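Here's a quick tour of the empty spaces and one greasy spot on the surface. Have the viewer open as you read.

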Amino acid sequence: MAILSEKEDLKEASVIAESLKDERLFDDSLDSSSQDFVNEKDLEKPEAVAIQVISTRDDPELPVLTFRALFLGVGLSAFSSVLGTIYTFKPQNASVSQLFCLIIAYILGIGMAALPRHGLWQYINPGPFNIKEHTVIVIMSSTASSVATAMEIIAALDLFYDIRLNSAAAVFSIFATQMLGYGMAGLLRTLLVYPTYAFYPGYISVVNLLQSLHFRGALNAKKRRFFWVVFAAIFFWEWIPQYAFPLLTAISVVCLVDNGRHDFVRNLFGAGSSNEGIGLLSFSTSWTLISQGTPLVWPLQTLGMALGYLFLTGGYYLNVFNGRDLAFMSTALFGSDGNSYNQTAVIGPDFKLDPDALATVGLPRYTTTYALSQLFYNLSLGSAFTYIVIWHWPELKAAFGGLRFLKRGHADIDDPHYKAEVPQWAYGLLFFVSLAVGIGCSYAGPHGTVLIPAWSIIFFTGESCLSTILAATTGTQINALLNLPTHWQYVALGFSISIRYAIQIIAAFLHPGKPIPVMYANLFGNSTSFQTLYLLQDLKLGQYTKVPPRMTFFAQMAGSIIGSIFNYTMMRVIVANNREVLKDPIGTRVWSGWIVQQYNSASVAMGALGKELFSIGQPAGYWIIPFAMLIGLFVPLPFWLIWRWSDPDSRLARAMKYVNVPIITLYIGFLPYSVNGQWWSCLVIGVFSQWWLRTRRPRWFVKYNYLMSAALDGGSQVILFVLSFAVFGASGNAVAFPTWWGNPATLSVDRCKST
């Protein structure tokens, strides 16, 4: 049984605080009110951690928007957006490290600060590289690295419907949907950013590092040397598992012994290639894969994933959903013959369902693992609503505060980090202008095709606003803990991931027989909400580092513009050069369209065939997948009832209170995607770093842990960028490494599957 202790995060914060005190990284940066670190009891509220660990120091005279900040911000934004787009079409589900952007921006900024300062040079080098310039660069580049869902949908239209939007319409679609998120984030900032109780523990380490670099110059020669040594080491190492010796990306003793002879071994233990298996006891030496796990150990996540091995494998071999004759893993749709579903035959030239063709071709089929994953995601969504209500209704009601945030800031908040500068009406105007642009672009399909009508965009955008408020105020993925127990962040993570299935069901009801509106409904009804949550984090980062809100706003806007252009441009190049591989249900170890295939599968299954495929009585039994949302409403109740009628001081009562049903069910469905060779390595590294080093070597942990993480992320991402264009075919010319035992031609890279 998985139990999260509320004290765990507080103990970690206390260890970090004491370590920082021992290292005296912040002695010159803390004011008199926060000079002395308190004990664990004094850190029982999140706002106490923010005040005690983060400095309130500010120098209003520091320049913010300098040529140096713009030059480095634009350059890193272009790099991170291109790399983020490449990751979208990779079998591994990776992202660009913000910590790497922070460190590399510091090193380059210090380098530019060493330039002459006389004459015209003073415009290039106005003085010492400061924390506010640095923060602007980090916000700009991290915003650009967040790949827009609109780009993924545009790629799906290109690959599966042969719809190629006008370049201007495509870029404006990407930008407009990003700006909708900004508008919502701005309107919510007085509730979810400025108050002290809006605590973002994930950003404490980022702010700590920024303040240590600039308030004491903590990245001294020794630390810079450490960074570059680790950076160079992983740079020269990573090309080996990624290119020359791919067996090292997923080492499975079971697979090596079996040598591709048995499908069962491949399905349960295989993890080296895209959609190969769920990777039980498979270890990776590739940091590109390992970094997907951050690598931190979440007790509920590991339990959910452990149950996933049982449910997914058992479901497949018990022929749940009649999928035993299909591939073990894939997000694509299959026909009755086991091959890719011929969707072009059942969807006419008007992009609507052709009933006569459907009678001939038949209904599509899901792989068992993908169907089970959707089922558990829907269970997670339903249980999240009940979990929130039965455990935390009083706090939830108080958090909304009568919706005062829509009118003004919190008058009762006295926060040293609080400083408002951008009026609410500006964010409101941005929201409505972006909505209008998004509607206009939806009418700009080829040959007058209407991708989704205006009334539907307005409806799903309104739904997105409601889900954003609910997801953000319950503590969620961005860790905006509104003075609630720390495990609430996990509840909203499940909510934000699984809400898309509810959106697709509603869209299928509103647009029966039309697949494309389902994709766009997900864009306006879910991804905009998801984007808002990330933008709120950057607003909080700007507040912590005293960057004027208008400069934070500018950095986010600039990052989105650069990201939109490079997202679209890079997507067109990759799709053109790897079209057939991206459409393949399995993909290769180098390229995979599994992310884009999810949008297409949902659009066909829910949009075109929702009534036919999910009706009660169909042989496959898919009706239970959407119905699982209703079932999920009742799943948390037994645990709550046991707690309610038990001795409140008993172990049983305490255990029931911290059984997080939404997250357990979420992670049961987490595995049947992409490459899974990294999770056991994440577990080992996470225990070593986040437990042993943090508790046994806290001084080393504070000085080098995050620096090492940034160097590992940076070196591996740079070499992947180089390899993608040099040998993986991003530029159009793929160069395969010669086959040998560690790079077999007739077996998968972990020697677990015959090809």
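Let's start with a pocket: the second largest one has 24 lining residues, and Thr588, Arg589, Val590, Asn743 and Val749 are the ones nearest its centre. Keep in mind that this is a predicted model. After the pocket come the enclosed cavities, then the surface patch.

**Second largest pocket**
- Its volume comes to about 540 Å³.
- Sorted by class, the lining of this pocket holds 15 nonpolar, 7 polar and 2 charged residues.

**Cavities**
- There are 4 cavities of 30 Å³ or more.
- The largest cavity takes up about 120 Å³.
- Around the largest cavity sit 13 lining residues, with Pro91, Gln92, Gln242, Thr249 and Arg589 nearest its centre.
- That lining splits into 7 nonpolar, 4 polar and 2 charged residues.
- Arg589 is worth clicking on: it is among the residues nearest the centre of the largest cavity, and it is also among those nearest the centre of the second largest pocket.

**Nonpolar surface patch**
- Phe385, Phe627, Leu630, Ile631, Leu633 and Phe634 together make a nonpolar patch of about 510 Å² on the surface.
- Helix α26 (residues 624–632) supplies the largest share of the patch, 3 residues.
- Leu633 belongs to the loop between α26 and α27 (637–644).
- Why can Leu633 count towards a patch on accessibility? Its relative accessible area is 31%, which makes it partly exposed, and patch residues need over 30%.

Note on methods: Residues numbered from 1 in each chain as written. Predicted model: local features only at pLDDT ≥ 70, side-chain atom pairs only at ≥ 80, totals over all residues. Heavy atoms only, no water. 1 Å grid on protein atoms, 1.4 Å probe; cavity = no way out; pocket = protein on both sides within 12 Å on 5 of 7 lines; lining within 4 Å. Points joined across faces, edges and corners; volume = space filled by probe spheres on them. Nonpolar A, V, L, I, M, F, W, Y, C, P; charged D, E, K, R; others polar. Patch = residues over 30% accessible without salt bridge, like charges linked within 9 Å, V, L, I, M, F, W, Y side chains within 5 Å. Areas by Shrake-Rupley, 256 points an atom, 1.4 Å probe, with all protein chains shown as cover. Salt bridge = Lys/Arg side-chain N within 4 Å of Asp/Glu carboxyl O. Helix = DSSP H or I, 4+ residues; strand = E, 2+ residues; numbered from the N terminus. Buried < 20%, exposed > 50% of the residue type's maximum accessible area, 1.4 Å probe, protein only.
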